[in-house]
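The following exercises concern one protein chain. Each task is followed by a solution in steps.

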Amino acid sequence: MDRPPPDPAKLLSAWMEWERGDTPPGRVMSNLKTGGLRELLEGLAAQEPVAAGESVSTSASGSEGADAAGGGAPSAEDWTPVV
């Protein structure tokens with residue numbers, strides 16, 4: 001049986017349910033697994049391989065590059081966990 005391709009919007013929805021506290025962590029992990037999170041991450045990792053030991057967002061030039069490229073992802077220093 002063929003699996004459908006991962007749906008990033010559906011995976012994000014499952015993650016947000018956990019962040020809001022609507023869904024317990026075990027159910028969220030199950031939803032992410034059956035939703036194709038592994039395949040999505042493998043595809044992204046294959047597009048941009050990172051050298052061993054190299055950090056993705058800790059260097060100043062790395063975080064500026066993400067913003068300049070339109071990624072808009074906050075650097076590790078800017079991120080605040082939601083509790």
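A salt bridge is defined here as a side-chain nitrogen of Lys or Arg within 4 Å of a carboxyl oxygen of Asp or Glu. The model is predicted, so that local features need pLDDT of at least 70 and side-chain atom pairs count only at pLDDT 80 or more, while totals for chains, interfaces and linings use all residues. Residues are numbered from 1 along each chain as its sequence is written, and side-chain values use heavy atoms, with hydrogens and water left out.

**Exercise 1. Determine how many salt bridges the rule yields, and describe each pair.**

Step 1. Side chains of opposite charge can pair when their charged atoms come close. The rule gives two salt bridges.

Step 2. E42 pairs with R38, with 2.8 Å from N to O. Both residues belong to helix 3 (residues 37–47), and because they are four residues apart, about one helical turn separates them. Helices are DSSP runs of H or I with at least four residues, strands are runs of E with at least two, and both are numbered from the N terminus.

Step 3. Classify the accessibility of this pair: buried means under 20% relative accessible area, exposed over 50%, and partly exposed in between (1.4 Å probe, protein chains only). E42, at 43%, is partly exposed, whereas R38, at 60%, is exposed.

Step 4. The other pair is D22 with R20, whose closest N and O atoms lie 2.9 Å apart. D22 has 52% relative accessibility and counts as exposed; R20, also at 52%, counts as exposed.

**Exercise 2. State which secondary-structure pattern the chain follows, and what percentage of its residues count as buried.**

Step 1. The chain contains four helices and zero strands, giving the pattern α-α-α-α along the sequence.

Step 2. Of its 83 residues, 10% count as buried.

Step 3. Take contact to mean heavy atoms within 4.5 Å. Among contacts between residues at least 6 apart in sequence, 37% join residues at least 24 apart.

**Exercise 3. Identify the residues that line the second largest pocket, and sort them by character.**

Step 1. A pocket is an open set of points on a 1 Å grid over the protein atoms alone, where a 1.4 Å probe fits, with protein on both sides within 12 Å along at least five of seven lines; lining residues have an atom within 4 Å of a point.

Step 2. The lining consists of R3, P4, P5, P6, D7, K10, K33, T34, G35, G36 and E39.

Step 3. With Pro counted as nonpolar, Asp, Glu, Lys and Arg as charged, and Gly among the polar residues, the lining divides into three nonpolar, three polar and five charged residues.
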